[in-house]
Every structure is written in structure tokens, then in C-alpha cells.
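Open the model in your viewer and keep the selection box ready. This tour goes stop by stop.

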Amino acid sequence: MTVTVRYTCPHCGAVHNLERPPDLADRSVTKVSQPGWEYATPDDPDRESADGIAFVCGEDGPVTDLEGEPVEGCGRPFYLNFVRYEHGVELEPDPPTYGGPRFDFKE
């Protein structure tokens, strides 16, 4: 069983439809990829085992506006990021998707 999930391009607002299993682990849609994360393409049969899906607006299939009318995509990449766990702990995206301050003090 699958469901149709709609993802909106953060650059231009075009809507992409994707058939996905109903047990989604979506975290965010971002304009930039997360460092070190591995992304699948929308047509990859193993995409659910990746860290997310990399879209190219308008090039990965037909896109529409919010009302469902066909539109041209902008051709820019955007990224669907899945929730990730390491040793049972949920990993925060880098940069954080909530837009708050970051304090990355490294030795």
C-alpha cells in the first residue's frame, strides 16, 4: 500500500507528487543538502533506505501549482530529509531546520 505525498519546492512553490509507503519518517524539506547525508532520486526503488530524497524541480516528473494545474518547475535542487537515528538517538540536521542560533564550538 502506498499514499501520494505532495512536496512543495522551497524555491518556487511548485508541487511534486510522490508515491510513498504510509509509514513516513519525513523531517524537513530544505534548499541545501545535509552534510554527510546520502540522498536517493525520486525514482530509486531503494529510496526509503537513504537519508532523504534529492529533487530537481520540474525535472523529476510533472509538477503543478497548489490547485493542481500544470506548471514549469524552476530546475533548482531541493532535498527531503528523513529522520535519522544513530545509536538510538535522533540526529539533528546540520544546519538546524528550525532556523535558531547555532553554537558549533569545535576544538
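The stops below cover strands, cysteines, aromatic rings and charged side chains.

**Ground rules**

This is a predicted model, in which local features need pLDDT of at least 70 and side-chain atom pairs count only at pLDDT 80 or more, while totals for chains, interfaces and linings use all residues. Residues are numbered from 1 along each chain as its sequence is written, and side-chain values use heavy atoms, with hydrogens and water left out.

**Stop 1: the open sheet**

Switch to cartoon. Four strands make an open sheet, in the order 3-8-5-4, with mixed pairing. Strands here are DSSP runs of E with at least two residues, numbered from the N terminus. Two strands pair if DSSP finds at least two bridges between them.

Select 26-30 and then 39-40. These are strand 3 and strand 4, the edge strands, and each pairs on one side only.

Next, select 52-56. This is strand 5, which pairs with strand 4 in the parallel sense over two bridges. Show Y39 as sticks: G52 in strand 5 stands opposite Y39.

Now add strand 8. Strand 5 and strand 8 run antiparallel and are joined by five bridges. Stay on G52: its bridge partner in strand 8 is N81. Strands of a sheet pair through backbone hydrogen bonds, either parallel or antiparallel.

**Stop 2: the hairpin**

Select residues 3-8. This is strand 1, which pairs with strand 2 in the antiparallel sense over six bridges. Pick V3; its bridge partner in strand 2 is R20. Remember R20, which returns at the salt bridges.

Now move to the turn. Six residues lie between the two strands of this hairpin. Among them, check G13, which takes a positive phi near 85 degrees.

**Stop 3: the cysteines**

Show the sulfur atoms. How many disulfides does the rule count? The count is zero, with a disulfide taken as a pair of cysteine sulfur atoms within 2.5 Å.

Select C9 and C57. The sulfur of C57 is the closest cysteine sulfur to that of C9, but at 3.8 Å it is too far for a bond. C9 is buried, at 2% relative accessibility. The classes run as follows: buried is under 20% relative accessible area, exposed is over 50%, and partly exposed is in between (1.4 Å probe, protein chains only).

Select C74 and C12. C74 is in no disulfide, and its nearest cysteine sulfur, that of C12, is 3.7 Å away. C74 counts as partly exposed, at 30% relative accessibility.

**Stop 4: the aromatic rings**

Hide the sulfurs and show the rings. The whole structure holds three aromatic pairs. Rings of Phe, Tyr and Trp (its six-membered ring) pair if their centres lie within 6.5 Å; planes under 30 degrees apart count as stacked, over 60 as edge-to-face, and the rest as tilted.

Select F55 and F78. Their ring centres are 4.9 Å apart and their planes meet at 10 degrees, so this pair is stacked. The pair links distant parts of the chain: F55 sits in strand 5 and F78 in strand 8 (residues 77-82), 23 residues apart. Is F55 buried or exposed? F55 is buried, with a relative accessible area of 3%. F78 is buried too, at 0%.

Add Y7 to the selection. Y7, F55 and F78 form one aromatic cluster.

**Stop 5: the salt bridges**

Show the charged side chains. A search of the whole structure gives four salt bridges. Each is a side-chain nitrogen of Lys or Arg within 4 Å of a carboxyl oxygen of Asp or Glu.

Go back to R20. R20 is buried, with a relative accessible area of 1%. One of its partners is D26, with the closest N and O atoms 3.1 Å apart. D26 is partly exposed, at 27%.

Then select E48. R20 and E48 also meet in a salt bridge, at 2.6 Å from N to O. R20 is in strand 2 (residues 15-20) and E48 is in the loop between strand 4 and strand 5, so the pair ties together parts 28 residues apart in sequence. E48 is partly exposed, with a relative accessible area of 33%.

Select R27 and E90. Their salt bridge has its closest N and O atoms 2.3 Å apart. R27 lies in strand 3 and E90 in strand 10 (residues 89-90), so this pair ties together parts 63 residues apart in sequence. R27 is partly exposed at 25%, and E90 is partly exposed at 38%.

For the last selection, take R20, D26, R47 and E48. Salt bridges that share partners join these four into one network.
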